[in-house]
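Subject: Handing over the structure

Hi there,

Here is the structure I promised to pass on to you. Please open it alongside this email, and I will walk you through what turned up.

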Amino acid sequence: MGSPWKGFVEFTLPASPPTAFVSADLSSTSPVGLSLSPYGRSMSFDPGMLHNNGHTAYANGTGPGIRETGLVEKLLTSYGFIQCSERQARLFFHCSQYNGNLQELKIGDDVEFEVSSDRRTGKPIAVKLLKIKPEVLPEERISGQVGPDLHAYPFTVLHGYIHPVVSSIPVHLDGKSAPGQAPTGSVCYERNGEVFYLTYTPDDVEGNIHLDTGDKVSFYMDTNKHTGAVSARNIQLVKKKQMRCQGVVCATKEAFGFIERADVVKEIFFHYSEFKGDLEALQAGDDVEFTIKDRNGKEVATEVRLLPQGTVIFEDISIEQFEGTVVKVIPKVPTKNQNDPLPGRISSRIGFNDKELPFGEKDTKSKVTLLEGDHIQFNISTDRRDKLERATNIDILPDTFDFTKETREMGVIAAIRDGFGFIKCVDRDARMFFHFSEVLEESQLHISDEVEFTVVPDMLSAQRNHAVRIKKLPKGSVSFNTQSEQRFMGVVEKEVVATNAKNASPTKVKEKEAEEGVIAYEDCGVKLTVPYHNKDIEGGGYPQAGDKVEFSINEVKRTGLQSAVSVRVLNRNASNAKRLIGFVATLKDNFGFIETANHDQEIFFHYSEMCGDLENLELGDTVEYTLSKGKGNKVSAEKVTKVAAVNGISEDVEATVMMGKVIRPLRSVDPSQTEYQGLIEITEEGATKGPNYPFGIMGMSNKADGLQKGELVKFHVCTVAQTGQKMASNVVPQRRAMVECVKDQFGFITYEVGESKKLFFHVKEVQDGLELQTGDEVEFSVVLNQRTGKCSACNVRRVSEGPKPVATPRPDRLVNRLKSITLDDASAPRLVIVRQPRGPDNSKGFNVERKTRQPGVID
């Protein structure tokens, strides 16, 4: 057999494809096959290929070929490639092997062919191609809804069609997949009680839309003849799945509530039976999600579930802040016809346009009353649902009072209660009520703070006013009086009446202080009179009738009343009584005693004779006074005036520290004794050595320390300049005692004071913040309350700790009684024992921190 390449000729093809076969032997009528070389536009001719178009019809040349099916994968001018359906193979074919109109053959068409081999290369090729006609889609169209499974969305028959359930293609895979693979979803439907699943690709969906799980769709079923796989094609969307809605609970009632929806400006009803969660935790303001269903013609929320706080956002708030003017305020008492939830209006220039924005009660930063014309600062809030813009975070600017026409008043905080208070006004007699919510700048107010405010009528009662828009002022800004800078000269025409009120009550004292004197003076040639009070007198003595005085005039702003202040006596018409110096020794409820300059006597005085502020008077203060005699020739001090401190008995103090014992206390400690002075006897190592030294209130190191008879003290000896008498000075008691018991905030010291054998102390008086226990040894001072006459300990310092308490054993009688009691005896007394938890070492709790143990690990 000769070579198969014998007799081949090679020639170049024209630009158009050949319309007939060319034969090498002109006498032969058999056609000769032509094959297009893949390496150029040339043809190879073989005269021996007179059958099967130049190809062997058998794979091994022994029998007829087997027909296969495939898909046209690539198609060029005169050749192409087929992807086999039954096996993984890609075969070359020549267009001359196609039996039919070549113009109708397209990529993706299904074809049937036989497999042969190319004699030149030996590779398998496809021959005798036939196009497989596509099967006409069935007329029945299946329709339904999209869902993850059949149980979630039950089927119903609509218009005679079956409703399937579709599992959607994931969004992140839509249009993208692994090489050689297309992303697929699945359609699930039920027929005759059986469940079937069909796959689909994005190309099978009409309208280039994305399907979600639960969407209702309709489609045709298609069977791949090559693989036998059934899929869904020509899928059309019938109805989108009803999505879950979000909102915020805006109201809760006894068995139902309302939700403000996040998609539209609307509220929706829900019953508590539809809430899936802890109903006790549900409250207004919670973020929720729900499904909308139609019941009895009304939309209701079902399957309500909680969302994390902050999930639902209704509006977007601008970062930029704007300034504007309030043109309409929110009425304090809403009218019956007021349905606008945003009744307030703000005018502002934003960009190049003037805009009027609404606002509601919740849009202000504080509850301070807004007035028309207020200059304010705000942000713009845009509702995501209807794009409505409104002003929010409204804050009053400090310069707003320059724009409003309100009248501002001033005053001082007189009283503060829980959430409200009262202001003492400069221009009004009545105190003005105010609420804490009306305080600007969130500054906390205290009593006596000076403030500025606006007075408005109460909406509920036209007869009452209250203060709003309260602004705190610096100290010294508010003055209730105006005092003249000019000093006037005058003569006392009537002195303050000094009635004998030695035993008067404090109420009567106030009535006495209300009595005033009169000063006559001239101003621009006009004779005038002005009243004055004892509290307005400067210097040591009270003016008397006929005395020439210098004064200023004070006018009350609220009433316009005038009075003389800063009154100073220039000279007296009569001889002045002698003024004496003394020291405050005792202070009672409405009277006291003054220690004389010689420290040997005490003089009675009534508080009504005190010139100046009585609250600032303390033990040991230096005062100036005048002696007078009252009923029964009793000597008392009058016109008592506090003066600058002078030297007491500190002159010529010896440096030696003496030890002694009090053998007589001051008369303020023991009122039954006749002598005023106390007496200290020098001691050494417990033995009495003498001599004795007297002491007064000015000799005490702590003026409030009430020295008791028998107490040991340390002191210095000094000499009084006026009399040359030696007295005890800088007396310091030496007290040590045991703590008897300690309660919650107080305790008692075993120390005898007067008739009491226990001395009270408060835990605040314990130095260094120590917690005292029973048995501790302490040092302390004794303070005598001059008004109540009771003593207490102060400046308590622990010297040493007492013994630790030891649990005492049970008495034998109790042990024997417990042994004799039986639980069966109903008549026996019942005994309840409470034992505090303790460890084996008699300690409470755990000494070693407890740690989590790991299995298999030994510490």
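In this predicted model, Arg 90 lies over the face of Phe 81, at 4.3 Å from the ring centre. Phe 81 also belongs to a cluster, in which ring pairs link it with Tyr 79 and Phe 92. There is another arrangement of this kind to look up: the charged end of Arg 408 sits over the ring of Phe 401, 3.9 Å from its centre.

While you have the rings in view, here are the aromatic pairs. The count comes to 24 of them. In one, Phe 434 and Phe 436 have their ring centres 6.0 Å apart and their planes at 40 degrees, so this pair is tilted. Are its two members buried or exposed? Phe 434 is buried, with a relative accessible area of 0%, whereas Phe 436 counts as partly exposed at 34%. Phe 488 and Phe 551 also pair up, and theirs is a stacked pair, with 6.0 Å from centre to centre and 25 degrees between the planes. Phe 488 lies in strand β32 (residues 488–494) and Phe 551 in strand β36 (residues 548–556), so the pair ties together parts that are 63 residues apart in sequence. Both Phe 488 and Phe 551 are buried.

Now for the wider view. The protein has 859 residues, of which 37% count as buried. It contains two helices and 53 strands, so do expect to spend your time on strands as you browse. Of the contacts with a separation of 6 or more, 54% are between residues 24 or more positions apart.

A good place to start with the strands is the closed barrel. Five strands make it up, in the order β4-β5-β6-β8-β7, and their pairing is mixed. From one strand to the next, the twist averages 50 degrees. Within this barrel, β7 (residues 110–117) and β8 (residues 124–131) run antiparallel and are joined by six bridges. If you would like a residue to look for, Val 111 has Lys 131 in β8 as its bridge partner.

Further along the chain you will find β38, β39 and β40. Strand β38 (residues 580–587) runs antiparallel to β39 (residues 591–596), with five bridges between them. Gly 582 is bridged to Thr 596 of β39, and a hairpin of three residues connects β38 to β39. How many bridges pair β39 with β40 (residues 602–606)? There are five, again in the antiparallel sense. Here Phe 593 has Phe 604 in β40 as its bridge partner. The hairpin of β39 and β40 has five residues between the strands, and His 599 in it takes a positive phi near 65 degrees.

Two arginines are also worth a click. Arg 568 is found in strand β37 (residues 562–571) and is partly exposed, with a relative accessible area of 39%. What does Arg 568 touch, leaving out residues up to four places away in sequence? The list is Arg 487, Glu 538, Lys 548, Val 549 and Glu 550. Glu 550 is 18 residues from Arg 568 along the chain, and their C-alpha atoms are separated by 5.3 Å.

The other one, Arg 428, has its place in the loop between β27 (420–425) and β28 (432–435). It is partly exposed too, at 29% relative accessibility. Neighbours within four places in sequence aside, Arg 428 is in contact with Glu 409, Val 455, Asn 465 and Arg 558. Arg 428 and Glu 409 are 19 residues apart in sequence, and 9.5 Å lies between their C-alpha atoms.

Finally, a word on confidence. The pLDDT averages 77 over the protein, and 76% of the residues score at least 70. Which stretches stay under 50? Residues 147–166 are one of them, and the model has 65 contacts for this stretch beyond four places in sequence. Over residues 499–513 the pLDDT is below 50 as well, and there the model has 21 contacts beyond near neighbours in sequence.

Enjoy exploring, and do write back with any questions.

Best wishes

Notes:
Residues numbered from 1 in each chain as written. Predicted model: local features only at pLDDT ≥ 70, side-chain atom pairs only at ≥ 80, totals over all residues. Heavy atoms only, no water. Pairing = 2+ DSSP bridges. Helix = DSSP H or I, 4+ residues; strand = E, 2+ residues; numbered from the N terminus. Phe/Tyr/Trp six-rings, centres within 6.5 Å; stacked < 30°, edge-to-face > 60°. Buried < 20%, exposed > 50% of the residue type's maximum accessible area, 1.4 Å probe, protein only. Lys NZ or Arg CZ within 6 Å of the ring centre and 35° of its normal. Axes fitted to C-alpha atoms, helices over the stretch in contact; angles between N-to-C directions. Contact = heavy atoms within 4.5 Å. pLDDT = per-residue confidence, 0-100.
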